Amino acid sequence: RKEYVDLYVDYKFNKSVQKPFEDFMQGFLRGCPARNWKMFSPEELQVLLQGHPTYDWHLLEKNVIYEQYTKSDQTIRNFWTVFHELPEEKKKMFLVFLSGSDRISGYGLEPFRFYIVDPQVENPDESSPYASTCRLALFLPR
């Protein structure tokens, strides 16, 4: 019985998934060669590939670059007041809206910069905020 169970477990966990795993590993190693990722611990590799799961939202605010705005403009002050009152999940949803991901790259928030831009539309009351994920820009009408 023990031999049967051992063989069955080996089949389920190793032999039955061998081909799909080899295909996955070949693709993974093509994008991330083993010599580059072996120096990382599993936790470091996860952060590198998936990004940081925790945030310093005040550092995010500090790193913003304003175009056609200043930090002291009423629209900007209102934006940050509302932003900091949001629950954590809504703040992450903002990151998705802005960048396409709810995580910050493995480099962390320190080098993460985004823009808040005044789109200078004719009637700002009829315009909604929108984002350019490629440029990491939030177009925020006054």
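Helices (H or I, at least four residues) and strands (E, at least two) are DSSP runs, numbered from the N terminus. The model is predicted: local features need pLDDT of at least 70, side-chain atom pairs count only at pLDDT 80 or more, and totals for chains, interfaces and linings use all residues. Residues are numbered from 1 along each chain as its sequence is written, and side-chain values use heavy atoms, with hydrogens and water left out.

Helix 6 covers residues 74-85. The expected span of a helix is 1.5 Å times one less than its number of residues. For the 12 residues of helix 6 this gives 16 Å, and the end C-alpha atoms are 17 Å apart, which agrees. Five names make up the buried set of helix 6: T75, I76, F79, W80 and F83. Here buried means under 20% relative accessible area, exposed means over 50%, and partly exposed lies in between (1.4 Å probe, protein chains only). The buried residues of helix 6 cover an arc of only 125 degrees around the axis, so they sit on the same side of the helix. The arc is that of the directions from the helix axis to the C-beta atoms. Their packing partners are helix 5 (57-62), strand 1 (65-67), helix 7 (88-99), strand 2 (115-117) and strand 4. Contact means heavy atoms within 4.5 Å.

Helix 7 also has 12 residues. Its first and last C-alpha atoms lie 16 Å apart, close to the 16 Å expected at 1.5 Å a residue. K91, K92, F94, L95 and L98 are buried in helix 7. Seen down the axis, these residues fall within an arc of 150 degrees, so they line one face of helix 7. E89 and M93 are exposed on the other side of helix 7. The cover over the buried residues of helix 7 includes helix 5, helix 6, strand 3 and strand 4. G100 follows helix 7 and has a positive phi, near 90 degrees.

The largest nonpolar core contains 20 residues. Such a core is a set of buried Ala, Val, Leu, Ile, Met, Phe, Trp, Tyr and Cys residues joined through side-chain atoms within 4.5 Å. W80, F114 and I116 have the most contacts inside the core. At least two core residues come from each of helix 5, helix 6 and helix 7. Helix 6 supplies the largest share of the core, four residues. In soluble globular proteins, nonpolar side chains tend to be buried together. Beyond its neighbours within four places in sequence, I116 contacts V64, I65, Y66, E67, Y69, I76, F79, W80, L138 and L140.

Two buried loop residues were examined next. F112 belongs to the loop between helix 7 and strand 2. Its relative accessible area is 12%, so F112 is buried. Apart from residues up to four places away in sequence, F112 touches L60, N63, L95, I104 and L136. The C-alpha atoms of F112 and V17 are 39 Å apart, with these positions 95 residues apart along the chain. N63 lies in the loop between helix 5 and strand 1. With a relative accessible area of 6%, N63 is buried. The N63 side chain makes a polar contact with the side chain of R113, at 3.2 Å. A polar contact is a pair of N or O atoms within 3.5 Å; within protein, one must be able to donate a hydrogen and the other to accept it, and residues adjacent in sequence count only if both atoms are side-chain atoms.

Most residues other than glycine have a negative phi. Q68 has a positive phi, near 65 degrees. This residue is in the loop between strand 1 and helix 6. Q68 counts as partly exposed, at 43% relative accessibility. Q120 is not a glycine, yet its phi is positive, about 50 degrees. Q120 lies in the loop between strand 2 and strand 3. At 57% relative accessibility, Q120 counts as exposed. Q68 touches Q120, and also D73, V117, D118 and R142, leaving out residues up to four places away in sequence. Q68 and D125 are 57 residues apart along the chain, and their C-alpha atoms are separated by 17 Å.

UniProt lists C134 under "active site" in an unreviewed entry. UniProt positions are given in the numbering used here, feature names are shortened, and annotations may be inferred rather than shown by experiment. C134 is in the loop between strand 3 (130-132) and strand 4 (137-139). Its relative accessibility is 81%, so C134 counts as exposed.
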